[in-house]
Structures are given as C-alpha cells and as structure tokens.
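Thanks for coming, everyone. I have one structure to show you today. Let me put it up.

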Amino acid sequence: MSGSDAAASAQADAAAICAQVAAVFSAPSAHPPARSVLVSELAAAAARGGRVFVHGVGREGLMMRALCMRLAHLGLPAHCVGDVTAPPAGGGDLLVASAGPGAFSTVDAICGVARGAGARVLLLTARPEGEFPRRQADVVAHLPAQTMADEEEAAAESAPSRAKLPMGSLYEGAMFVLFEMVVLELARVLGQSPAQMRARHTNLE
C-alpha cells in the first residue's frame, strides 16, 4: 500500500470510528443523559465536601483512572479504588463505578462495600435494566454503546457486529469522550479555569 493509500485508509477508519462514538450520544435512551447525571452527582459530592472514588476493570478501569486524574485537577478529592493511598469511603462520599456489560463480580463487590459504608453509588453502564444496577446503584448513568457482551451475543447468533471496533472498544472510547465532556461542564459549574487545573498537575514527571 502506498503512502497516500495508507493515509486515506487511516482517515476513513478514523472517520468511521469517530462517527460511531458520536452516535452513542444521540442513541435513544429512557434514561437522562449520562453527562447530566455525572455532572450533577459530582457537583453534589463537591458541595457536601465528599470524596469521590472511581472503579472499573480492564480497559474500563483505565478510562476511570483518566477521569480520576481530571477530577483531581478540578480540585476534587478523587481516588482510584485499590490505590494504596485511597482512604476509606463513608457517608457523603461518591463511588463512580463502570460495568459496561451490566455486571462484573468485582465491581458488584466494591459497590456493595461502598453502600454498606454509607457512600452513594453511581453506576455507568450500557445495560441499565439488569439486576445488578437495580440492586447496587443509587443512580445509573446510561452509556448506550456496544460492549463485549453485545459482541459475544451477536457471535452466538452468527450476526455481524454493529461496531467497527472490536469487543468493548466502542463503550470504552465513548467513556473517554463522555468524561472529557463531563470535565468541561463540571469546570464551568465549579468555576475552575484551565490555569487552575494546570496548577494542580503533578511536577514529578
């Protein structure tokens, strides 16, 4: 493949992927927009002086860590579950957890511990109607993107995947975009400027 052909192919793939990620945010849902739910819950936690904990597994967990970093840049006391410096969760705190396919045993366990300690639980998921969200979440943020569970079900039925990206990549990519939109809106709500956020970035790099 020539250089120009490779560039054209890369551009086409990028356009198709970005279009599918963008389509997630216009997909029909019976739930409030995920951005509104996240901004409302995070702003409320900040207003009551609560800490924010984030948790996810696999690539979802990486996206949650990216969110945690930006929340710290916004001045929120944000922690990743499992970090050795994470304090105990308690009343007034907020756990933001992700379970794209609807449930993970470890996410279930962490949510149960958080609720038992008096923390509020926000669950981000592509499958909000399952038993786990109803049982463990105080509030659900619906992100209607393909997860690995959807791909597995399509494969079992010999149906083609609707997403260009494999496995749960569409959900994970949509998480990143969602969190950037949340940070933009939350910065406005909290009155945080880009300069204030940069001042909180680590100098140990």
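I'll go through one helix, then the salt bridges, then a loop residue and a surface patch.

Keep in mind that this is a predicted model.

Start with helix α4, residues 105-116. A quick sanity check on its geometry comes before anything else. There are 12 residues, and at 1.5 Å a residue they should span 16 Å. The end C-alpha atoms of α4 sit 17 Å apart, which agrees.

Now, which residues of α4 are buried? Val107, Asp108, Cys111 and Ala114. They take up an arc of only 130° around the axis, so they lie on the same side of α4. The general background is simple. An α-helix makes a turn every 3.6 residues, so residues three or four places apart point the same way.

Look at the other side of α4. Ser105, Val113 and Gly116 are exposed there.

What covers the buried residues of α4? The cover includes three strands: β1 at 52-55, β3 at 94-98 and β4 at 120-125. Helix α5, residues 131-136, is also part of that cover. And after α4 comes Gly118, with a positive phi near 100°.

Next, salt bridges. The cut-off is a Lys or Arg side-chain nitrogen within 4 Å of an Asp or Glu carboxyl oxygen. By that rule, the count is eight. I'll take three of the pairs.

Stay with α4 for one of them. Asp108 pairs with Arg135, at 2.7 Å from N to O. This pair links distant parts of the chain: Asp108 is in helix α4, Arg135 is in helix α5, and they are 27 residues apart. Is Asp108 buried or exposed? Asp108 counts as buried, because its relative accessibility is 18% and the limit for buried is under 20%. Its partner Arg135 is partly exposed, at 38%. There is also a network here: salt bridges link Asp108, Glu131 and Arg135.

Another pair is Arg59 with Glu172. The N to O distance is 2.5 Å. Arg59 belongs to helix α3, residues 58-73, and Glu172 to helix α7, so the bridge ties together parts that are 113 residues apart in sequence. How accessible are the two ends? Glu172 is buried, at 11% relative accessibility. Arg59 is partly exposed, with a relative accessible area of 49%.

Then there is Asp83 with Arg65, at 3.2 Å, N to O. Asp83 is in the loop between β2, 78-80, and β3, while Arg65 is in helix α3, so this pair ties together parts 18 residues apart in sequence. Here both ends are partly exposed: Asp83 at 30%, Arg65 at 42%.

Now the loop residue. Where is Thr147? In the loop between β5, residues 139-142, and α6, residues 148-156. Thr147 counts as buried, with a relative accessibility of 2%. What does Thr147 touch, leaving out residues up to four places away in sequence? Gly100, Pro101, Ala126, Met167, Gly168 and Tyr171.

Last, the surface. Phe25, Phe176 and Val177 make up a nonpolar patch. Together they have about 230 Å² of accessible area. Phe176 is in helix α7, which runs over residues 169-190. Taken alone, Phe176 is partly exposed, with a relative accessible area of 41%.

To recap: α4 has its buried residues on the same side. Asp108, one of those buried residues, joins the salt-bridge network with Glu131 and Arg135. That's it from me.

Technical notes. Residues numbered from 1 in each chain as written. Predicted model: local features only at pLDDT ≥ 70, side-chain atom pairs only at ≥ 80, totals over all residues. Heavy atoms only, no water. Patch = residues over 30% accessible without salt bridge, like charges linked within 9 Å, V, L, I, M, F, W, Y side chains within 5 Å. Areas by Shrake-Rupley, 256 points an atom, 1.4 Å probe, with all protein chains shown as cover. Helix = DSSP H or I, 4+ residues; strand = E, 2+ residues; numbered from the N terminus. Buried < 20%, exposed > 50% of the residue type's maximum accessible area, 1.4 Å probe, protein only. Expected span 1.5 Å × (residues − 1). Arc of directions from axis to C-beta. Contact = heavy atoms within 4.5 Å.
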